[in-house]
Amino acid sequence: MADELRLAPPKTGRSAPAPSRARYVYALLVLIPAALVAVVLRFGITDAGSSGSAGRAHAASGTFAELLLALAVILCVCHLTAGLFRRMSQPAVIGEIVAGVLLGPSLLGLLWPSGYHRLFPADLTVPINILAQLGLICFMFMVGYELDLGAVRGRGQIVLTISHVGVAVPLLAGVLLALGMYEPYAPDGLGFTAFGLFIAVAMSITAFPVLARIIAERRSDELTVGPVALAGAAVGDVTAWCLLAVVVAAAEGSSLYGVVQILCLTALFCALLRFAVRPVLEHTLGSRTWSRGTVMPVLFSGILLSALSTDRIGIHAIFGPFLLGAVTPRGSVPVEWAVGRLRSVTEALLLPLFFVFSGLRTSIGLLGDWQAWCWCLAVVATAMATKWVGTTLAARGCGMGWEESLAMGALMNCRGLTELVVLNVGLDLGVITPEVFTMFVVMALISTLLTAPALSLIARRFSGTRAAPQ
């Protein structure tokens, strides 16, 4: 083996270079140039801005390292809390929302301030927000894609009545509540119209994605109103998003003409998607010549461009992906594959960042006096009572039994992630203050947490009634 590893002698007949000659060549052509490089760098021209550039490079490197640590902690905590809430028969998304609050100033910042500021320093706000907004627009595309408006046509006037009552009654209660909240909690210089309309819209939200997960986890014979609730949530969400677009336009527009202009451009954008973009998508994405690897970048680029379009129009960037998802054709294998991959990345990585970013903006400590807590309780009670009672009475009036009507009220009272989306839009626009943001986050958590237990309680309450006739 040793003989095989020896280098074969040159076949040219010339003798190999002597080892001493190789050392001279190495010293001449390697060591001397290296020494000259060191001398030039040491005594060369002094760059006055070099220290500043090095400082900026070090700061950028430090920020990147801090971001990596924060991402690792966020993903681990969200995974643990999601698993914990699954064991309690709650959707995993509720655990992720709770994780965001736990990592924020409400708990971590209160119990361990130095650790909180070390984990989430001020310079991490921008990169976390960017990633969170990217996850948000991807999520809104999937919400639009999962809307089945065909179910609305099948259910007719009953679904429309139940869903719109579930929006109209909380809207009225929200405007009345805003009359009392305007003086102590409205942002300085904001008119009552934008503030009151936003409070009303925030009261009327139903979380369609969380609702779909709750229904999917229950058997169809256990929850017979599931399809009606999904269709009603779809109609209610579309209505709420339209009203939120009006709120954004009112907040952004400097005059009535500006609001009308934004609304007209929004209607034009919707018509463009419906009558121009949708046929193109049906023709191209449905073609068998398009591979999965081609559909993914096309679809993701469309999401980004639609978000940019509605942002430039003057409404929020979330509306573009939502509308694009609603007009994207279903059933194509490459499209379903691309949406599935997008969902896995969004739900596993980007949405937890949105929850944590919302948690960083939620501070229970802002509700420091009894008056603030009284208003918080009023928000929770008003939102839950009006949504539940209004939907229940509407369902009962449409001919449903009491069990189905109460279950509809419990389902439509679920707010969850969609409520956080709306609240972040309001806080970014300056329509609400951090105190009001915190109050509504508490309301969203309580109303969502109570949905599954309320359904179980209703089922147990009427189980004897169903068995009585036999």
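These are my notebook entries on surface, rings and charges in this structure.

**Entry 1, the model.** I am working from a predicted model.

**Entry 2, a nonpolar patch.** I looked for greasy side chains on the outside. V25, L28, L29, V30, L31, I32 and L36 make up a nonpolar surface patch, and together they have about 650 Å² of accessible area. I picked L31 for a check: it belongs to helix α2, residues 19-43. Its relative accessible area is 48%, so I wrote it down as partly exposed.

**Entry 3, a covered helix.** Next I went to helix α15, residues 319-327, which is mostly covered, with seven of its nine residues buried. Which ones are buried in α15? I noted F319, G320, P321, F322, L324, G325 and V327.

**Entry 4, aromatic pairs.** I found five aromatic pairs in the structure. One of them is Y116 with F120, a tilted pair with 6.0 Å centre to centre and 55° between the planes. Both Y116 and F120 are buried. Then I turned to Y182 and F192, where the ring centres are 5.5 Å apart and the planes stand at 85°, so this pair is edge-to-face. Y182 is in helix α9 (residues 157-185) and F192 is in helix α10 (residues 192-203), ten residues apart. I have Y182 as partly exposed at 27% relative accessibility, and F192 as partly exposed at 30%. F195 joins Y182 and F192 in one aromatic cluster.

**Entry 5, charges over rings.** I also checked arginines against ring faces. R274 lies over the face of F275, 5.3 Å from the ring centre. R330 has its charged end over the ring of Y145, at 4.8 Å from the centre.

**Entry 6, salt bridges.** How many salt bridges does the structure hold? I count three.

- E282 bridges to R278, with the closest N and O atoms 3.1 Å apart. The two are four residues apart in helix α13 (residues 256-285), so about one helical turn separates them. E282 is partly exposed at 39%, and R278 is partly exposed at 22%.
- D311 bridges to R312, with the closest N and O atoms 3.0 Å apart. D311 is partly exposed at 38%, whereas R312 is exposed at 63%.
- R361 and D428 meet at 2.6 Å, N to O. R361 is in the loop between α16 (333-360) and α17 (370-397) while D428 is in helix α19 (residues 416-429), so this bridge ties together parts 67 residues apart in sequence. Why is R361 called buried? Its relative accessible area is 18%, and the cut-off for buried is under 20%. D428 is partly exposed at 43%.

Definitions and conventions:
Residues numbered from 1 in each chain as written. Predicted model: local features only at pLDDT ≥ 70, side-chain atom pairs only at ≥ 80, totals over all residues. Heavy atoms only, no water. Patch = residues over 30% accessible without salt bridge, like charges linked within 9 Å, V, L, I, M, F, W, Y side chains within 5 Å. Areas by Shrake-Rupley, 256 points an atom, 1.4 Å probe, with all protein chains shown as cover. Salt bridge = Lys/Arg side-chain N within 4 Å of Asp/Glu carboxyl O. Buried < 20%, exposed > 50% of the residue type's maximum accessible area, 1.4 Å probe, protein only. Phe/Tyr/Trp six-rings, centres within 6.5 Å; stacked < 30°, edge-to-face > 60°. Lys NZ or Arg CZ within 6 Å of the ring centre and 35° of its normal.
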